[in-house]
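Trainee: Before accepting the labels attached to a model, I should like to see the reasoning behind them. May we take them in turn?

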Amino acid sequence: MVDQTPPRIIQLDESVINRIAAGEIIIHPANALKELLENAIDAKSTMIDVLVKDGGLKLLQITDNGSGIDREDLGLLCERFATSKLSTFEDLSSIATYGFRGEALASISHIARLSVVTKTKDSSVAYKAYYSNGKLADSNFKISAGEASPKPIAGKNGTTITVEDLFYNAPARLKATKSKNDEFIKILDVIGRYAVHSEVGISCKKFGDSHQALITRPNLTLKERIRIVFGSSVANEIIDFKMEISEEARDLGLYDCFGAITTSNYVNKKKIQPVLFINGRLVQCDPLKRSIMSIYAYFLPKGNQPFVYVSLQINPQNVDVNVHPTKKEVRFLNEDEIIDIVSAKVHSLLSKIDTSRTFKTQSVLTREKRSTTGVSIGAETLAIEDIEKAPLKKYRQENKLVRTDAKQFKLHSFMNKNTSNNDTTDSNERVDVQLSSIVQLRQELVNSNHKGLTEIFNGSTYVGIIDEMRRLCSFQFGVKLFICDYAATLNEFYYQLALSEFCNYGEFIISESISVREILQNLYTSDCSPSVDLEDVVERIFAMKDMYEEYFKIKFDQDNNLISLPMILKNIEPVVHKLPYFFYRLGANINYEDERECLQGIMKEIALLYIPEPIANEPGSTDEEKALNDAKRDVLDQELENRVFPSLQQKFIATSDLLEDVMEIADLPGLYKVFERC
Ligand code: ADP
Ligand code: MG
């Protein structure tokens, strides 16, 4: 049972009063509503009902079933700085609920007719009281000579606060308010956000309407609440999370962090202000919002907007709510560090999801609905996840480091290609492989052939890249148009090439020797290292040096410098900046004890090394960087058209796993008909 004994209200010292920043400002009915809602939640209610007339300007009524207010406290209720939530200035900074300045009801009573009906569980009757300018008043809201006193009436446990004629004596404010409808939308927005955050049931109704504009029952799950407030399209694509708070985070004052965010599968063009709660209060924190949004920019197609709900518990002593008169925008100590921690979490959630990509049949042109499950190409980010445990900012820097180094590496290293091996497929001196594991893997591949899909790929005509960030391209087969996930498709295809050309790869000769240790070094920094020790990784690779050379054309010189890499498809280069991860996984994840597992594992790593990366403009990228990305996209488009698809048409065996990654979007005669009608 929740203790519903009401805390007693005491008046704050003059000195405390003087040290409190400027009064609360109520600009919109929604500001008043928010305060009243917070009070009702603070009073440990389980159900709160809101009634609104004329956008809250005529009537705002909040009924709760919380602790109620003691009769003796009703006289002080609307005095400025009357609060049951703190008594000394020290408390001001340590109070857990921080709509705590005892100003809300007082301010409202100065600009509206405010009345209260309240009953505590220990009282046999309810009391009704009227307020004006902070004082108890008579039922006409007049402050008469004699003392007005609360009247006993019948009523239920809890409190009803009625605010009528808001801004009746503040014509300037009244003028500044928008239409009644706009004000109502604002109110509904605040209520919806609290309904998402709080397990308290909340309802909201327009006066005169028979239906509720919004209603949640108590104790719904977070997902159910999000569904009610923001709709199924959001709720269906949500991942909720609760962070494990590390020792360091705790030292920074972050005590708890949980929430729910949409994945990159959520398609939405409308901006939704993030639902951000700090210590139980709906707030704004622009730096945090910006940081989270910049992460989404990596994962979402341009123009797409996420839904984000984050709730933080921060050491109340560290939170400064006085930066904004309505307490909307907050600041807290160690803000940068805490934002980095939260952002890193969002980043790792999104990248995990992104690697098990799903296709959704969103196109209106789609004729039949397909079931959609994800195909995992998760291994690609294994090593990345290792370093993701560090705060994002550091991770970003490291990531850049890897990229920059790799870029230089690329410029000088691949100039000199082994041209004698013209096409890796029709080399004259082919080695005939009799290894039983390879023979077996090839047989398994043939068995997993999906005839229909293979036929489609073999007869395909490449059309073009549709989305270089999500790695989607389209191709035509007969009169039908298909979308395909080229990352997933090439993951399979490159593995198949690695398997069929096993022992017979071409090679890329690296002109400038570079040690594997040096390549790996990028992943090992003082702040965040992958789990397996650098020396162990290097040692495990070199122990298999001969095998790498003979089977895979991964060659090292006497000083253990890398001198060549496999070429599995003519003129298609590996993605050089994946090399640190590539070697890390060869050294850390391959099982060298089992022949089949070992060879298959390495071939899968080789496939990953070749999958083109998503191309995305990072937020704030310069024109030069954007131009570079455009160029990258064009190069990739050419490669897919001239090298990859022709090869796919000849040799690809599509497995049923790939069914999830290819989707028919239209048949052309149908499409032409659609256009004709337009
Ligand atoms: P604050 O919330 O900052 O304390 P308010 O002016 O909002 O200041 O409220 C003053 C006091 O009135 C609160 O501290 C609380 O004790 C009491 N109170 C207000 N609303 C309610 C309610 N719905 N149920 C119980 N007590 C309430
Ligand atoms: Mg309050």
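Trainee: What makes the approach of the Asp 64 side chain to the backbone nitrogen of Gly 66 a polar contact?

Mentor: In this predicted model, the Asp 64 side chain reaches that nitrogen of Gly 66 at 2.9 Å. The limit for a pair of N or O atoms is 3.5 Å, so the pair qualifies as a polar contact.

Trainee: How do you know whether Asp 64 is buried or exposed?

Mentor: Its relative accessible area is 9%. Buried means under 20%, therefore Asp 64 is called buried. Asp 64 is found in strand 3 (residues 59–64), and its contacts include Ala 40, Met 47, Ile 48 and Asn 157.

Trainee: Why is Asn 571 called partly exposed?

Mentor: Asn 571 has a relative accessible area of 41%. That value lies between the 20% and 50% cut-offs, so the residue is partly exposed. Asn 571 sits in the loop between strand 26 (561–567) and helix 20 (579–588), and its phi is near 70°, a positive value in a residue other than glycine.

Trainee: What makes strand 14 and strand 15 a pair?

Mentor: Strand 14 (residues 275–278) and strand 15 are joined over 2 bridges in the antiparallel sense. At least two bridges are required, so the two strands count as paired. Ile 278 stands opposite Arg 281 in strand 15.

Trainee: Which strands are the edge strands of the open sheet with the order 12-13-16-14-15, and why?

Mentor: They are strand 12 (238–242) and strand 15 (281–282), because each pairs on one side only.

Technical notes: Residues are numbered from 1 along each chain as its sequence is written. Chains are lettered from A and ligands numbered from 1 in the order in which they are written. This is a predicted model: local features need pLDDT of at least 70, side-chain atom pairs count only at pLDDT 80 or more; totals for chains, interfaces and linings use all residues. Side-chain values use heavy atoms; hydrogens and water are left out. Helices (H or I, at least four residues) and strands (E, at least two) are DSSP runs, numbered from the N terminus. Buried means under 20% relative accessible area, exposed over 50%, partly exposed in between (1.4 Å probe, protein chains only). A polar contact is a pair of N or O atoms within 3.5 Å; within protein, one must be able to donate a hydrogen and the other to accept it, and residues adjacent in sequence count only if both atoms are side-chain atoms. Contact means heavy atoms within 4.5 Å. Lists of a residue's contacts leave out its neighbours within four places in sequence.
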